[in-house]
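I opened this notebook to record what I looked up in the structure, one topic at a time.

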Amino acid sequence: ASLRVVDSAGLTVGRALERKLDAAVSTGELKRCAAAEYREPLRMDGILLLYRRALEREAGGRLDEIPALVKSANHEAAATLTETLRVLGCAEDSAGIRIHISASGCGVSFSDEHGGYISEERSLAMCCLTAFEAGEDVALPYGAPRVIDELAAKYGRRVLRYLECPADGADRQARELAKTQPWVRDGLLCAVRILSYIKKRRTTISALSAKLPGFAVSVKAVPCRGNPGNLLRMLSEAERAQEQAGPAEGVLLASSGGKVLLSPLKRGSGLRVMAEAASMEAADELCALYEQKLRDSFLEQK
């Protein structure tokens, strides 16, 4: 079991507060609550209704005549989105768009009307595109695909990035913007936003996807017994890491085949390799290449 402490935007709190809480728990320096201070339990029965209302507001109107079917290992998320789409007028039809909500509920992917697969990364990029077309900047996690930055530049917009656990307030501007864009971290909201776009523009989800450049993402976790930070520094110097504007949480490398982001794993000792290229095959090859480079570097360190 784990406890995740988040701020008002739903983002992980900064390192300073995290350390303060951790120290208080480990040393037992906590204010104990007396029995008389316990309040009556607060019933939260209305939360689901409020959440469905938020989904309906994201739609901004009816979604009649859009055939869609929701699938997810998260049965509650699937039921919630299915009922919301029914209220908004979507027809539940397996021959139409298939919406795949991730088990966590944080991501969404699609099978379009032709049976083509649209990954979570492309789905997020499509959502960002709708914001860029509306003249908005977007706040994204540090590890989100870099192709979205290139997409933003075409529309004269920016991508602001926030960190998983910032040491200071360097990503404060991105976090403030993130408060207004929960669809970045919520697969159900992202799905409704995309359906609303294709309804209002009288287009299709495959046509929206075609507005994006071709790209795919491949991810591998590489365990190591040494210091992941030392490995990152070695590769940063050897591979000539790209200069990054704003706060960073890893090393960004560019090659002729695409881009690679190397960052520490959130749990355990090791590094996360995220390769981004024009196709899935190229992304897999690039990911495997840097996975091997990391393993070779680890052997050199021993």
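**Entry 1. The five-stranded sheet**

In what order do the strands of the open sheet of five strands lie? I noted first that the model is a predicted one. I read the order as 2-1-3-4-5, and the pairing in this open sheet is mixed. I then looked up the edges and found strand 2 (91-92) and strand 5 (117-118), each of which pairs on one side only. Strand 1 (residues 67-72) pairs with strand 2 in the parallel sense, and I recorded two bridges for this pair. In one of the pairings I checked, Ala68 has Glu92 of strand 2 as its bridge partner.

Next I turned to the helices that pack on this sheet. Helix 4 touches strand 4 (108-111) and strand 5, and its direction makes about 100° with that of strand 4. Helix 7 also packs on the sheet, where it touches strand 3 (97-101) and strand 4. For the direction of helix 7 against that of strand 3, I noted an angle of about 160°.

**Entry 2. Helix 4 against helix 7**

At what angle do helix 4 and helix 7 pack? I found about 55°, with the axes 10 Å apart. Because angles that are neither under 35 degrees, nor over 145, nor from 65 to 115 count as oblique, I entered helix 4 as oblique to helix 7. The crossing of helix 4 past helix 7 is left-handed. On the side of helix 4, I listed Ser123, Met126, Cys127, Thr130, Ala131 and Glu133 as making the contact. Helix 7 contributes Cys190, Arg193, Ile194 and Tyr197.

I looked at Ser123 separately. Ser123 lies in helix 4 (residues 120-133). Is Ser123 buried or exposed? Its relative accessible area is 0%, so I entered Ser123 as buried, the cut-off being under 20%. Setting aside residues up to four places away in sequence, I found Ser123 touching Val108, Ser109, Phe110, Ile118, Cys190 and Ile194.

**Entry 3. The nonpolar cores**

Which residues touch the most other members of the largest nonpolar core? I found Ile99 and Phe110, in a core of 62 residues. Helix 7 (residues 187-200) supplies the largest share of this core, with nine residues. I also noted a second, separate core of 16 residues, with Cys224, Leu286, Cys287 and Tyr290 among them.

I then listed the contacts of Ile99, leaving out its neighbours within four places in sequence. The contacts include Ala68, Leu69, Val70 and Lys71, as well as Leu81 and Leu85. Val108, Ser109 and Phe110 are also in contact with Ile99, as are Ala191 and Leu195.

**Entry 4. The four-stranded sheet**

I next examined an open sheet of four strands, which has the order 8-11-10-9 and antiparallel pairing. Strand 8 and strand 9 (251-255) stand at its edges; each has a single partner strand, so one side of each lacks a neighbour in the sheet. On average, neighbouring strands of this sheet are turned by 20° against each other, direction ignored.

How many bridges join strand 8 to strand 11? I recorded eight, between strand 8 (residues 216-223) and strand 11, and the two run antiparallel. Strand 10 (residues 258-264) is joined to strand 11 by seven bridges, also in the antiparallel sense. Met274 of strand 11 is the bridge partner of Val219 and likewise of Leu261. I also found Ser218 opposite Ala275 of strand 11.

Why is strand 11 largely enclosed by the rest of the structure? Of its eight residues (270-277), seven are buried, and I therefore entered strand 11 as largely enclosed.

**Entry 5. Positive phi values**

Most residues other than glycine have a negative phi. I therefore looked up exceptions to this rule. Glu65 has a phi near 75°, a positive value in a residue other than glycine. I located Glu65 in the loop between helix 2 (47-59) and strand 1. With a relative accessible area of 73%, Glu65 is exposed.

Where is Arg202 found? I placed Arg202 in the loop between helix 7 and helix 8 (205-210). Its phi is positive, about 50°, although Arg202 is not a glycine. Arg202 counts as exposed, at 80% relative accessibility.

Conventions: Residues are numbered from 1 along each chain as its sequence is written. This is a predicted model: local features need pLDDT of at least 70, side-chain atom pairs count only at pLDDT 80 or more; totals for chains, interfaces and linings use all residues. Side-chain values use heavy atoms; hydrogens and water are left out. Buried means under 20% relative accessible area, exposed over 50%, partly exposed in between (1.4 Å probe, protein chains only). Two strands pair if DSSP finds at least two bridges between them. A nonpolar core is a set of buried Ala, Val, Leu, Ile, Met, Phe, Trp, Tyr and Cys residues joined through side-chain atoms within 4.5 Å. Contact means heavy atoms within 4.5 Å. Axes are lines fitted to C-alpha atoms, for helices over the stretch in contact, and angles run from 0 to 180 degrees between N-to-C directions. A crossing is left-handed if the near helix is turned anticlockwise from the far one by less than a right angle, and right-handed if clockwise.
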